[in-house]
Amino acid sequence: MNTYLISFFILSLITVSSPGPAVLFTVHNTLNYRLTKTFGGILGVATGILLVAAIATSILIFAANTLNFALLITSGVGSLYFFYLSFSSLQKNVRKEFRKNEQLISSFQHGILISLLNPKALAFFIFIFPLYLDTKTISFHRPALLSLIFSFNVIIVHGIYTAVFTRIAKSIDLKKLTYIFNKISAALFFTFGILLLKQSIENISNLFT
């Protein structure tokens with residue numbers, strides 16, 4: 001395997017492993033739902049990463065000057081979505097049962113949105129991709145390979161998070177753990193929303209200066 005692939009694998013692995021909205025989303029699902037819905041969310045996050053990578057690659061190839069505008073849209077919409085997740089977390093109960101197959105689809109869609117509306121994901125590909133690509137002669141083959149490596153790491157790392165928190169949930173009072181984590185996740189999602197709202201305001205200022 002080429003050195004650049006190994007270095008990107010390690011870098012993306014560290015990035016995916018660090019706590020953030022996607023990890024919080026996966027742990028939240030692990031404590032509140034069955035594994036099928038949790039893995040549906042993980043696949044959604046991984047799919048969203050592929051879409052983010054495609055958007056970032058397009059910006060690098062065709063319109064690098066639209067970076068500020070892209071981050072502005074992402075930050076603005078993302079802040080609203082994280083506010084929604086915050087209030088939604090306060091209303092969760094312990095391990096709700098499936099009622100309809102749409103719940104799996106919903107989890108998958110939520111996972112995609114988590115990736116699409118997280119500016120850190122877009123920024124990672126915008127600023128890290130050029131280190132591994134020749135933007136003057138860029139093709140879609142190498143970005144596709146790097147994107148697949150990143151998405152593979154998402155599935156592996158989030159699967160590990162799921163296994164760990166499933167074991168934790170079995171060894172202690174699940175109801176108490178879920179109650180505490182839901183309150184923590186609500187606070188963190190709200191914080192993400194505030195930070196993205198602040199970033200949106202800064203991006204608007206930058207566009208007019």
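**Exercise 1. Helices α1 and α7**

The crossing of α1 and α7 is right-handed, meaning that the near helix is turned clockwise from the far one by less than a right angle, whereas anticlockwise would be left-handed. This is a predicted model; local features need pLDDT of at least 70, side-chain atom pairs count only at pLDDT 80 or more, and totals for chains, interfaces and linings use all residues. Residues are numbered from 1 along each chain as its sequence is written, and side-chain values use heavy atoms, with hydrogens and water left out.

Task: Describe how α1 and α7 pack, and sort the residues of their contact.

Solution.
- Step 1. Two packed helices are described by the angle between their axes and the distance between the axes.
- Step 2. Helix α1 covers residues 3-17. Its axis and that of α7 come within 9 Å and cross at roughly 40°. Axes are lines fitted to C-alpha atoms, for helices over the stretch in contact, and angles run from 0 to 180 degrees between N-to-C directions.
- Step 3. The two helices are therefore oblique to each other. Angles under 35 degrees count as roughly parallel, over 145 as roughly antiparallel, 65 to 115 as roughly perpendicular and the rest as oblique.
- Step 4. On α1, the contact (heavy atoms within 4.5 Å) includes Y4, F8 and V16. On α7, R142, I149 and V154 are among the residues involved.
- Step 5. The contact of α1 with α7 has 14 nonpolar residues, 5 polar and 1 charged. Ala, Val, Leu, Ile, Met, Phe, Trp, Tyr, Cys and Pro count as nonpolar, Asp, Glu, Lys and Arg as charged, and the others, Gly among them, as polar.

**Exercise 2. V154**

Task: Is V154 buried or exposed, and which residues does V154 contact?

Solution.
- Step 1. V154 is in helix α7.
- Step 2. Its relative accessible area is 2%, so V154 is buried. Buried means under 20%, exposed over 50%, and partly exposed in between (1.4 Å probe, protein chains only).
- Step 3. Neighbours within four places in sequence are left aside; V154 then contacts V16, I42, V45, A46, I49 and G159.
- Step 4. T47 is 107 residues away along the chain, with its C-alpha atom 9.6 Å from that of V154.

**Exercise 3. Helices α2 and α7**

Task: At what angle do α2 and α7 pack, and which residues make the contact?

Solution.
- Step 1. Helix α2 spans residues 21-32. The angle with α7 is about 40°, and the axes are 9 Å apart.
- Step 2. That makes α2 oblique to α7.
- Step 3. The crossing of α2 and α7 is right-handed.
- Step 4. From α2 come A22, V23, T26, V27, T30 and L31. From α7 come H158, Y161, T162, F165, T166 and A169.
- Step 5. This contact of α2 with α7 has 7 nonpolar residues, 5 polar and no charged.

**Exercise 4. T166**

Task: Where is T166, and what does T166 touch?

Solution.
- Step 1. T166 sits in helix α7, residues 141-171.
- Step 2. T166 is buried, because its relative accessible area is 13%.
- Step 3. A polar atom of the T166 side chain lies 2.6 Å from the backbone oxygen of T162.
- Step 4. T166 touches T30 and L35, with residues up to four places away in sequence not counted.

**Exercise 5. The whole chain**

Task: How many helices and strands does the chain have, and what share of residues is buried?

Solution.
- Step 1. There are 8 helices and 0 strands. Helices (H or I, at least four residues) and strands (E, at least two) are DSSP runs, numbered from the N terminus.
- Step 2. Of the 209 residues, 46% count as buried.

Definitions and conventions:
Polar contact = N/O pair within 3.5 Å; in protein donor to acceptor, adjacent residues only side chain to side chain.
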